[in-house]
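Visitor: I have the sequence and the coordinates open and would like a close look at a single part. Could you take me through the disulfide and then show me what surrounds it in the rest of the fold?

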Amino acid sequence: TLPRAQMAAFLVRVLDLPEFVGEDKFVDDDGSSFEGNIESLAAAGITLGCNPPTNDQFCPDTSVTREQMTSFLVRSLVYLASS
C-alpha cells in the first residue's frame with residue numbers, strides 16, 4: 001500500500017512538475033511535508049480531490065487504491081501529451 005501523499009511526490013518527480021505557487025486547493029494537506037507535491041498535482045489537473053463533489057480534501061494519509069492510481073496515471077499521460 002502507498003499513501004496518497006507519497007504517491008503525489010513520486011508523480012511530481014517523474015513528471016518533473018513545476019514547484020507549486022498559488023492558492024491551496026486542499027484543506028487537509030496543510031503542514032504536510034508533501035503539501036507542495038499535492039498542490040502541484042492539483043495545479044496540473046492530475047488530482048481532483050477525494051471528497052466529491054466538493055473536492056477540497058486530498059486525503060493524504062489514505063492508501064491510494066488501484067482505481068485511483070489508474071486515474072492519476074491517465075491524467076498524467078494527458079498532462080504529458082499537452083505539455
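Guide: Happy to. The torsion about the S-S bond of C50 and C59 is about 65°, so this disulfide is right-handed. Please keep in mind that we are looking at a predicted model. The two sulfur atoms, S to S, are 2.0 Å apart in the bond that joins C50 to C59. A search of the whole structure finds 1 disulfide, and in general terms such a link is a covalent bond between the sulfur atoms of two cysteines. C50 has a relative accessibility of 23%, and because buried means under 20% and exposed over 50%, C50 counts as partly exposed.

From there, let us turn to the nonpolar core. The largest one has 15 residues, and F58 is among those with the most contacts inside it, along with L11, L17, I38, L41, I46 and F72. Two elements, α1 (4–15) and α2 (35–43), give two or more residues to this core. The most comes from α1, with 6 residues. As a general background, nonpolar side chains tend to be buried together in soluble globular proteins.

F72 is a good place to pause. Leaving aside residues up to four places away in sequence, F72 touches R4, M7 and L11, then I46 and T47, and also F58 and V64. Of these partners, L11, I46 and F58 are also listed with F72 among the core residues with the most contacts.

Now for the two helices. The axes of α1 and α2 come within 8 Å and cross at roughly 65°. The helices are therefore roughly perpendicular to each other, and α1 passes α2 in a left-handed crossing. Where they meet, α1 brings A5, A8, A9, L11 and V12, while α2 brings N37, I38, S40 and L41.

Is α2 mostly covered or open? In α2, 7 of the 9 residues are buried, so the helix is largely enclosed by the rest of the structure. Those buried residues are E35, N37, I38, E39, S40, L41 and A42, and what covers them includes α1. Among them, I38 and L41 also meet α1 and belong to the core residues with the most contacts. After α2 comes G45, with a positive phi near 80°.

Methods: Residues are numbered from 1 along each chain as its sequence is written. This is a predicted model: local features need pLDDT of at least 70, side-chain atom pairs count only at pLDDT 80 or more; totals for chains, interfaces and linings use all residues. Side-chain values use heavy atoms; hydrogens and water are left out. A nonpolar core is a set of buried Ala, Val, Leu, Ile, Met, Phe, Trp, Tyr and Cys residues joined through side-chain atoms within 4.5 Å. Buried means under 20% relative accessible area, exposed over 50%, partly exposed in between (1.4 Å probe, protein chains only). Helices (H or I, at least four residues) and strands (E, at least two) are DSSP runs, numbered from the N terminus. Contact means heavy atoms within 4.5 Å. A disulfide is a pair of cysteine sulfur atoms within 2.5 Å. Axes are lines fitted to C-alpha atoms, for helices over the stretch in contact, and angles run from 0 to 180 degrees between N-to-C directions. Angles under 35 degrees count as roughly parallel, over 145 as roughly antiparallel, 65 to 115 as roughly perpendicular and the rest as oblique. A crossing is left-handed if the near helix is turned anticlockwise from the far one by less than a right angle, and right-handed if clockwise.
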